[in-house]
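Here is a briefing on one protein chain. Keep the sequence and the coordinates open while reading.

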Amino acid sequence: MKRPLDLRHVVSPALRDLIELAHLEDFDRVTEQVRNVRGCTRPVNIVGHTATLDAATRTVVRAYSTADEPTGRLLTTCGNRRASRCPACSRVYAADTYHLIKAGLSGGKTVAEDVRTHPRVFATLTAPSFGPVHNRPTTPSGKPLDCRCGRHHAEDDPALGTPLAPASYDYTGAVLWNAHAGALWARFTIYLRRELAAQLGTTQKALKAALRVSFAKVAEYQKRGLVHFHAVIRLDGPDGHTTAPPAWATLDALDHAVRAAARRAQLTIESDAVGERVIAWGDRIDVREVKALGDGELTDQKVAAYVAKYATKSAEGSGTVDRTLICRPCAGRGYTNGPDGFRDLCADCNGTGQAEPLRDLQVQQHVRQMIRTAWALGHLPEFADLKLWKWAHMLGFRGHFSTKSRAYSTTLGALRDVRRAWRTAQAEAARTRAGQPAPDENTTLVTEASWAYLASGYRPGEELLAKQVRHELAHAERLKTEGNPWQ
């Protein structure tokens with residue numbers, strides 16, 4: 001019989017918990033679970049069971065229950081795509097995005113390699129100016145110049161992107177532009193097809209029957225707090241990537257159509273509080289050909305890696321916070337409904353609706369003013385559908401960071417299914433090595449399962465193990481060669 005542990009002399013709660021875990025009968029399984037989630041920052045804890053049965057005889061072929069785990073629960077990854085929240089899960093998301101983008105450029109993942117012969121460009125669409133900001137201008141040859149403030153800014157200068165004249169900067173326009181950026185992209189895709197038809201001398205109906213425009217895009221925040229879009233745009237045959245576009249659908253036609261559509265696309269919004277506003281792209285429109293091979297050129301691999309890098313980022317690059325600012329108990333309304341049916345002032349936020357006072361945020365004044373503007377505009381009735389108060393921490397932008405058209409390539413779901421099937425095959429191989437017989441191939445199997453959410457996060461001792469896993473993964477990453485970063 002084991003003597004009870006006396007850990008009174010251990011000061012650290014995490015170390016004390018780790019020692020307790022180490023004295024469990026199957027400590028190796030505890031470390032295996034942590035390694036399986038690759039040191040996920042905040043894993044989901046679930047409890048339940050699953051059983052694989054013979055459909056005819058109802059005989060149990062395989063069974064698993066968290067009651068048999070040494071800690072009584074199973075750890076699963078949180079799946080958060082944002083690197084600021086979970087580097088481990090965001091790494092997987094970035095790798096999936098890389099393969100999704102690259103498959104649409106050079107084939108693979110059910111996409112034929114002939115897709116690399118289709119006309120395709122890498123386009124960057126930016127926001128317009130809402131007032132001059134501190135920047136790092138350069139000459140056409142790349143020589144750095146002084147900012148309009150008269151100084152030369154370093155690359156990490158916190159003043160970059162902030163207004164030269166904050167009092168006259170159009171914060172309302174900047175927030176509303178972010179809020180409508182997704183709708184403006186949708187409008188751009190409509191004009192792109194119209195411009196293609198005009199450029200190729202055909203009708204939109206005939207164009208749709210002869211070719212399809214496929215794309216994949218990602219949003220990126222600039223230092224000034226405004227989003228811009230990077231997009232791979234490709235011309236396909238009428239059935240998508242499986243068919244080649246007609247010979248008259250050229251790269252030059254696509255290039256011209258992208259530029260013309262970006263100039264034409266705009267939205268007009270009206271409000272008694274802010275007047276009439278026109279939402280349009282900025283003057284800086286970059287359209288470059290994507291080449292299959294070439295040293296120093298914009299190749300398939302470089303474009304895919306570039307898009308994947310930004311797919312895991314959020315608004316933190318502009319200096320804002322990565323959490324919602326609405327008070328959860330009152331959902332940002334500032335009041336709760338009491339048992340008598342009357343509204344009571346929310347005790348958590350004291351009626352402000354804010355989870356934390358905006359004035360106390362550890363951000364630059366420029367970012368704080370954008371957050372305040374988004375919060376104020378969000379409570380105007382005419383902008384209620386934009387939910388700006390909910391997305392104030394994103395400076396008004398609420399769209400998806402990465403999207404693609406239906407026929408661009410494979411899907412993230414398909415990539416996850418392949419990974420899940422691989423893990424299942426590995427588990428079956430492990431059972432076979434352990435002497436467990438594999439089910440007959442002719443047997444029809446059914447699965448019965450019941451799962452429930454328990455909590456999120458690690459035990460203190462498990463957190464120490466997770467930190468070690470993250471350290472090992474980071475070390476292995478540093479030792480990688482300069483080849484494909486997603487291998």
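The points below run from the whole fold to single residues.

The model is predicted. It holds ten helices and 13 strands. Of its 487 residues, 43% count as buried. The largest nonpolar core has 68 residues, and helix α4 gives the largest share of them.

**Overall fold**

- The C-alpha trace spans about 80 × 60 × 55 Å along the principal axes of the protein.
- Among contacts with a separation of 6 or more, 70% join residues 24 or more positions apart.
- The accessible surface comes to about 26400 Å². Carbon and sulfur atoms hold 51% of that area.
- The protein carries 66 positive and 52 negative charges. The mean positions of the two sets are 2 Å apart.

**Nonpolar cores**

- Which residues touch the most other members of the largest core? They are Trp-177, Phe-188, Ile-233, Val-258 and Trp-281.
- Helices that give two or more residues to this core are α4 (171–200), α6 (251–264) and α8 (365–378).
- Strands that do so are β4 (120–125), β5 (212–221), β6 (227–236), β7 (266–271) and β9 (285–289).
- Helix α4 supplies 14 residues of this core.
- Another core, of 20 residues, lies apart from it. Its members include Leu-105, Ala-216, Ala-304 and Ala-308.

**Aromatic residues**

- The structure holds 14 aromatic pairs.
- One of them joins Trp-177 and Trp-281, with ring centres 5.8 Å apart. Their planes lie at 70 degrees, so the pair is edge-to-face; the cut-off for that class is over 60 degrees.
- Trp-177 sits in helix α4, and Trp-281 in the loop between β8 (275–280) and β9. The pair therefore ties together parts that are 104 residues apart in sequence.
- Are these two residues buried or exposed? Both Trp-177 and Trp-281 are buried.
- Beyond four places in sequence, Trp-281 touches Leu-125, Thr-126, Pro-128, Phe-229, Ala-262 and Ala-265. Its contacts also include Trp-177, Ala-181, Leu-184, Trp-185 and Phe-188.
- One aromatic cluster takes in Trp-177, Trp-185, Phe-188, Phe-215, Tyr-221, Phe-229, Trp-281, Phe-397 and Phe-401.

**Helix α2 and its cover**

- Helix α2 covers residues 27–36. Its buried residues are Arg-29, Val-30, Thr-31, Gln-33 and Val-34.
- Residues three or four places apart in an α-helix point the same way, because the helix has 3.6 residues a turn.
- What lies over the buried residues of α2? The cover includes helices α1 (13–22) and α10 (460–478), along with strands β2 (60–65) and β3 (74–76).
- Arg-38, just after α2, takes a positive phi of about 55 degrees.

**Two buried polar residues**

- Ser-106 is found in helix α3, residues 87–106. Its relative accessibility is 5%, so Ser-106 counts as buried; the cut-off is under 20%.
- Apart from residues up to four places away in sequence, Ser-106 touches Glu-113, Val-115, Arg-116 and Asp-300.
- His-230 lies in strand β6. His-230 is buried, with a relative accessible area of 4%.
- Beyond its neighbours within four places in sequence, His-230 is in contact with Phe-122, Ala-123, Thr-124 and Tyr-306. Its contacts also include Ala-216, Lys-217, Val-218 and Glu-220.
- How far apart are His-230 and Ala-112 in space? The C-alpha to C-alpha distance is 24 Å, for a separation of 118 residues in sequence.

**Positive phi in loops**

- Ala-331 has a phi near 55 degrees, a positive value in a residue other than glycine. Ala-331 is in the loop between α7 (300–311) and β10 (335–337).
- The relative accessible area of Ala-331 is 29%, so this residue is partly exposed.
- Asn-350 is not a glycine, but it has a positive phi of about 60 degrees. Asn-350 is in the loop between β11 (343–345) and α8.
- Asn-350 counts as exposed because its relative accessible area is 59%; exposed means over 50%.

Definitions and conventions. Residues numbered from 1 in each chain as written. Predicted model: local features only at pLDDT ≥ 70, side-chain atom pairs only at ≥ 80, totals over all residues. Heavy atoms only, no water. Helix = DSSP H or I, 4+ residues; strand = E, 2+ residues; numbered from the N terminus. Buried < 20%, exposed > 50% of the residue type's maximum accessible area, 1.4 Å probe, protein only. Contact = heavy atoms within 4.5 Å. Areas by Shrake-Rupley, 256 points an atom, 1.4 Å probe, with all protein chains shown as cover. Lys, Arg positive; Asp, Glu negative; His and termini not counted. Charge placed at Lys NZ, Arg CZ, Asp CG, Glu CD. Core = buried A, V, L, I, M, F, W, Y, C linked by side-chain atoms within 4.5 Å. Phe/Tyr/Trp six-rings, centres within 6.5 Å; stacked < 30°, edge-to-face > 60°.
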